[in-house]
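Please open the model in your viewer and keep the sequence panel beside it. The tour below goes from one selection to the next and says what is found at each stop.

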Amino acid sequence: MRKGESRRTFLRSGLGAVGLLMLSRGPFAKAAPKAVVLERKVISHESGLYHGWPTVARRKNGDLVLVYSGGREAHVCPFGRVELMRSYDEGKSWTYPQVIFDSPIDDRDAGIVETAQGTLLATTFTSVAYEPILEQALKTKPEDPNAWPAERLRRWQAAHARTSAEGRRAVLDCWMARSTDGGLTWSGRYRCPVNSPHGPFVLRNGRLLYAGKSLWASEVRVGVCESVDDGLTWNWLSDIPVRPGDSLQKYHELHGVEASDGTIIVHIRNHNRPNDGETLQSESADGGKTWSVPHPIGVWGLPSHLLRLADGRLLMSYGHRRPPFGNQARLSEDNGRSWSEPIVISDDGAGADLGYPSTVQLGDGSLLTVWYEVLASSPYAVLRQAHWKLEE
């Protein structure tokens with residue numbers, strides 16, 4: 001990956017065929033559990049801005065915290081910043097956004113997790129992928145039908161000029177910040193070794209792991225980092241091996257969870273030719289020190305967010321960016337060895353610019369999933385949520 005390019009310039013839309021029908025660890029595609037969607041609604045407050053790539057987390061006190069890339073004009077632009085909203089009533093209403101990251105370049109995917117000590121960790125990565133778009137706009141003559149309105153061009157130029165070329169290089173990285181007061185105040189941003197859209201995850205013993213990919217680094221690595229000081233610093237724990245014939249460059253957007261039997265599971269967005277556009281899975285049986293070779297699980301869709309439910313089952317949520325456009329989930333009742341047929345959370349999308357769902361379990365056992373989506377009625381992506389429940 002060349003420094004200065006967005007990770008998503010390396011991610012194709014993913015129209016690959018559904019992959020293998022058997023896992024090495026056992027069968028998959030068990031019947032989908034019955035689920036009822038109780039409500040779907042838009043929860044973002046600013047209809048004239050583009051919102052992208054959210055993560056929702058439920059704190060121990062029951063509050064929900066939601067982070068995303070806001071303040072945007074488009075999927076790629078120089079205005080992205082990380083914003084946070086809260087819900088004190090299990091997602092029925094959301095507060096107006098609070099800006100927690102705003103670098104002089106584009107702040108993109110936003111992840112959040114509450115640690116065992118109650119600290120909130122928020123993550124993002126920065127990008128200058130908007131630069132070629134701006135350069136082309138500056139070259140376009142005013143009489144050209146594709147020319148931008150003068151006001152828009154001035155706005156992009158002003159955003160780009162917030163720092164020098166050297167300054168833009170200095171802030172191009174993977175970032176994290178901490179809050180020890182429930183998100184009211186935040187530390188300064190600091191670098192971390194990897195990025196993934198939904199951020200780190202917490203094991204049952206309180207250990208913090210972060211499965212992801214190094215960005216803007218001289219050496220591309222895909223693996224897992226560990227923090228032993230409540231997220232202040234991160235050390236490389238282990239690499240995830242590459243499946244024979246695959247390119248490490250085409251593994252993206254990881255997330256992990258610890259199953260009830262202690263197995264740690266990581267999901268990977270794959271764009272290698274075999275199983276292109278599918279989720280691959282890798283497992284660790286020794287606390288994250290070593291990992292199995294990634295293998296398909298029969299799920300076309302990306303990226304995956306993983307959650308262990310109160311009853312011990314695992315839930316994966318993911319975007320379905322081909323017809324029917326929307327978001328889906330699957331359950332595992334055997335610690336990730338197999339996954340059910342899809343549970344449809346939404347299927348009314350206008351196109352592929354949607355997804356990145358994450359899910360939390362509410363106090364009554366029902367589920368809340370949040371994602372971003374460009375609706376047919378507007379070019380600006382909104383945040384949507386679905387409140388749903390599994391039926392026994």
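Select Gln328 and then Val344: Gln328 stands opposite Val344, a residue of strand S22. The model you are looking at is a predicted one.

**The sheet around S21**

Widen the selection to strand S21, residues 326–332. S21 and S22 run antiparallel and are joined by three bridges. Now add the remaining strands of this open sheet, which has four strands in the order S19-S20-S21-S22 and antiparallel pairing. At the edges are strand S19 (302–308) and strand S22 (343–346); each has a single partner strand, so one side of each is left without a neighbour in the sheet. If you look along the sheet, neighbouring strands are turned by 25° against each other on average, direction ignored.

**Asn327**

Go back to S21 and pick Asn327, which lies in this strand. Is Asn327 buried or exposed? Asn327 has a relative accessible area of 0%. Because buried means under 20% relative accessible area, Asn327 counts as buried.

Show what surrounds Asn327. Beyond its neighbours within four places in sequence, Asn327 is in contact with Ile343, Val344, Ile345 and Ser346, among others. The contact list of Asn327 also includes Tyr318, Gly319 and His320, as well as Gly355, Tyr356, Pro357 and Trp371.

Next, draw a distance from the C-alpha atom of Asn327 to that of Ala381. How far apart in space are Asn327 and Ala381? The two C-alpha atoms are 15 Å apart, while the residues are 54 positions apart in sequence.

**A second sheet, with S25**

Select strand S25, residues 381–391. Strand S25 belongs to an open sheet of four strands, ordered S1-S25-S24-S23 and paired antiparallel. The edge strands are S1 (34–42) and S23 (354–361), each of which pairs on one side only. Neighbouring strands of this sheet are turned by 25° against each other on average, direction ignored.

Zoom in on the pair S1 and S25. These strands run antiparallel, with eight bridges between them. To find one of these bridges, select Val42, whose bridge partner in S25 is Arg384.

**Strand S9**

Move on to strand S9, residues 174–179. How many of the six residues of S9 are buried? Six of the six are, so S9 is largely enclosed by the rest of the structure.

Show the side chains of this strand. In a regular strand the side chains alternate between the two faces of the sheet. Cys174, Met176 and Arg178 point one way from S9, and Trp175, Ala177 and Ser179 point the other way; all are buried.

Add the partners of S9. Strand S8 (residues 120–127) pairs with S9 in the antiparallel sense over six bridges. In this pair, Ala122 stands opposite Ala177 of S9. Strand S10 (residues 190–191) also runs antiparallel to S9, and two bridges join them. One place to look is Met176, whose bridge partner in S10 is Tyr190.

**Ser179**

Stay in S9 and select Ser179. Ser179 counts as buried, at 0% relative accessibility. Which side chain does that of Ser179 join in a polar contact of 2.9 Å? The partner is the side chain of Asp181. The side chain of Ser179 also reaches the backbone nitrogen of Gly183, at 2.8 Å. Leaving out residues up to four places away in sequence, Ser179 touches Thr119, Leu120, Leu184, Thr185 and Trp186.

**His252**

For the last single residue, select His252 in strand S15 (residues 251–258). His252 is buried, with a relative accessible area of 0%. Its side chain and that of Lys213 are joined by a polar contact of 3.4 Å.

**The whole chain**

Zoom out and show the protein chain as a cartoon. The chain has three helices and 25 strands. Its radius of gyration is 20 Å, close to the 21 Å that the globule rule gives for 392 residues, so the chain is as compact as a globular protein of that length. Along the principal axes, the C-alpha atoms fill a box of roughly 60 × 45 × 45 Å.

Colour the chain by burial: buried residues make up 59% of the 392 residues. Then switch to the surface, where about 15400 Å² is exposed and carbon and sulfur atoms supply 52% of that area. Of the contacts with a separation of 6 or more, 56% are between residues 24 or more positions apart.

Conventions
Residues are numbered from 1 along each chain as its sequence is written. This is a predicted model: local features need pLDDT of at least 70, side-chain atom pairs count only at pLDDT 80 or more; totals for chains, interfaces and linings use all residues. Side-chain values use heavy atoms; hydrogens and water are left out. Buried means under 20% relative accessible area, exposed over 50%, partly exposed in between (1.4 Å probe, protein chains only). Contact means heavy atoms within 4.5 Å. Two strands pair if DSSP finds at least two bridges between them. Axes are lines fitted to C-alpha atoms, for helices over the stretch in contact, and angles run from 0 to 180 degrees between N-to-C directions. The radius of gyration is taken over C-alpha atoms; the globule rule is 2.2 Å times the number of residues to the power 0.38. Accessible areas come from the Shrake-Rupley method with a 1.4 Å probe; for residues, only the protein chains shown count as cover. A polar contact is a pair of N or O atoms within 3.5 Å; within protein, one must be able to donate a hydrogen and the other to accept it, and residues adjacent in sequence count only if both atoms are side-chain atoms.
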